[in-house]
Amino acid sequence: MDFPVAVALAEFVPTLPVGTNWRYEPKFDGHRTIMWRDKESVRIQARSGRNVTPVWMDLALAGLDMLPPVTVLDGEAVIYANGKIDFAAAQSRAASTPARARRLAEDLPAHFAAWDILVHPDHGDVRARPYDARRALLLDLFQEHDVQPPIQAVPMTDDPDVAMTWYQQLQEQGVEGIVCKPANSAYKAGRIWKKVRHADTVDAEIVGYTGPAARPHALVVRLPGGRIARTQTLKAPLAAQVSAYLVASGPSQNARTRAGEAYRTTGPGPVVEVLAGTTRHAVVTVTRLRST
């Protein structure tokens, strides 16, 4: 497997999927990282593919010490402060220089929450194997090599009631939701998993859209407080309902959100009801058209 690897992602869903084929993991609020244990070194890869080893050197050294050569793990770099996961501390570390990262690590060392194994020292590239098989390989490898914090496997359950208990009780500890993974799914790039995040239902004004006005892909909305956000992809029925207003709204202009996402503006239009994430990710999903 070549460096960097394209990572698996999760799409937002409003409710927890249930069934015998689902596995549930708590979603920690940190920085997505891939840990590459090579023959003589460790590299830390960001979700974007960048090599970010210098700012996560404490994790690299832990991987070098505990993981066998030719091992690649997927997970989250997290930092605990005052008894809970502190995203601001992880963000500060990720944005720092290598020298400053070393100083930060002295006070707030990082942890690596591993949830998948992509390359196994004995079995090679295992991404094509089902999730359950990869999970077993991950746990066996950690036990065989006595892998301990700051590297550890995330909890997992096949019981949706347990997953909902995590969801309801662990938010204050920095768990921002639940990631749901099919037991028989291979690991591949793209949004192959589901995620449920803490969210509030609010009304939002449509200020723009992506795609053609007659068949919009997503909306750009103004949330309470004034924040402009791009929604998740619209379901076909909602897109059909909104399109009439977009087509009739008149000339539009090119614009960008603060996150740099391009969209077309629209005139005063309808209000939509959305699920707006309460975490830093602020995922916004349209649930219905409210008014004109």
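This report walks through salt bridges, a glycine contact, a pocket and a surface patch in a predicted model.

**Salt bridges**

Let us start with the charged pairs. Searching the whole structure turns up ten salt bridges, and the table sets out three of them.

| Salt bridge | Closest N to O distance |
|---|---|
| R23 and D132 | 3.0 Å |
| E176 and K27 | 2.6 Å |
| R134 and D116 | 2.7 Å |

Take the R23 and D132 pair, where the side chains meet at 3.0 Å, N to O. This bridge links distant parts of the chain, with R23 in strand 2 (residues 22-28) and D132 in helix 4 (residues 131-144), 109 residues apart. Is each partner buried or partly exposed? R23 has a relative accessible area of 13%, so R23 is buried. D132 is partly exposed, because its relative accessible area is 31%, and the range for that class runs from 20% to 50%.

Strand 2 also carries a partner of the next pair. Here E176 bridges to K27, and their closest N and O atoms are 2.6 Å apart. Because E176 lies in strand 10 (residues 175-182) and K27 in strand 2, the pair ties together parts that are 149 residues apart in sequence. E176 is buried, with 3% relative accessible area. K27 counts as buried too, at 15% relative accessibility; the cut-off for that class is under 20%.

Helix 4 comes back in the remaining pair of the table. R134 and D116 form a salt bridge with closest N and O atoms 2.7 Å apart. Here R134 sits in helix 4 and D116 in strand 7 (residues 110-120), so-called distant parts of the chain that are 18 residues apart. How accessible is R134? Its relative accessibility is 0%, which means that R134 counts as buried. D116 is buried as well, at 2% relative accessibility.

**A glycine and a tryptophan**

Now for a contact without a salt bridge in the description. G75 is found in strand 5 (residues 71-81). With a relative accessibility of 0%, G75 counts as buried. Which residue does G75 pair with in the C-alpha separation given here? The partner is W115: the two C-alpha atoms are separated by 5.3 Å, while the residues are 40 apart along the chain.

**The second largest pocket**

Turning to open space in the model, the second largest pocket has a volume of about 280 Å³. Its lining is made of 15 residues, and those nearest the centre are F12, Q232, T233, K235 and T285. Two elements give two or more residues to this lining, strand 1 (8-12) and strand 18 (284-291). Which of them has the largest share of the lining? That is strand 18, with three residues. By residue class, the lining of the second largest pocket divides into six nonpolar, five polar and four charged residues.

**A nonpolar patch**

Finally, have a look at the surface. M57, L61 and L64 make a nonpolar patch of about 250 Å². One of these residues, L61, has its place in helix 1 (residues 57-66). Is L61 buried or exposed? L61 counts as exposed, because its relative accessibility is 52% and the class begins over 50%.

Technical notes: Residues numbered from 1 in each chain as written. Predicted model: local features only at pLDDT ≥ 70, side-chain atom pairs only at ≥ 80, totals over all residues. Heavy atoms only, no water. Patch = residues over 30% accessible without salt bridge, like charges linked within 9 Å, V, L, I, M, F, W, Y side chains within 5 Å. Areas by Shrake-Rupley, 256 points an atom, 1.4 Å probe, with all protein chains shown as cover. Salt bridge = Lys/Arg side-chain N within 4 Å of Asp/Glu carboxyl O. Helix = DSSP H or I, 4+ residues; strand = E, 2+ residues; numbered from the N terminus. Buried < 20%, exposed > 50% of the residue type's maximum accessible area, 1.4 Å probe, protein only. 1 Å grid on protein atoms, 1.4 Å probe; cavity = no way out; pocket = protein on both sides within 12 Å on 5 of 7 lines; lining within 4 Å. Points joined across faces, edges and corners; volume = space filled by probe spheres on them. Nonpolar A, V, L, I, M, F, W, Y, C, P; charged D, E, K, R; others polar.
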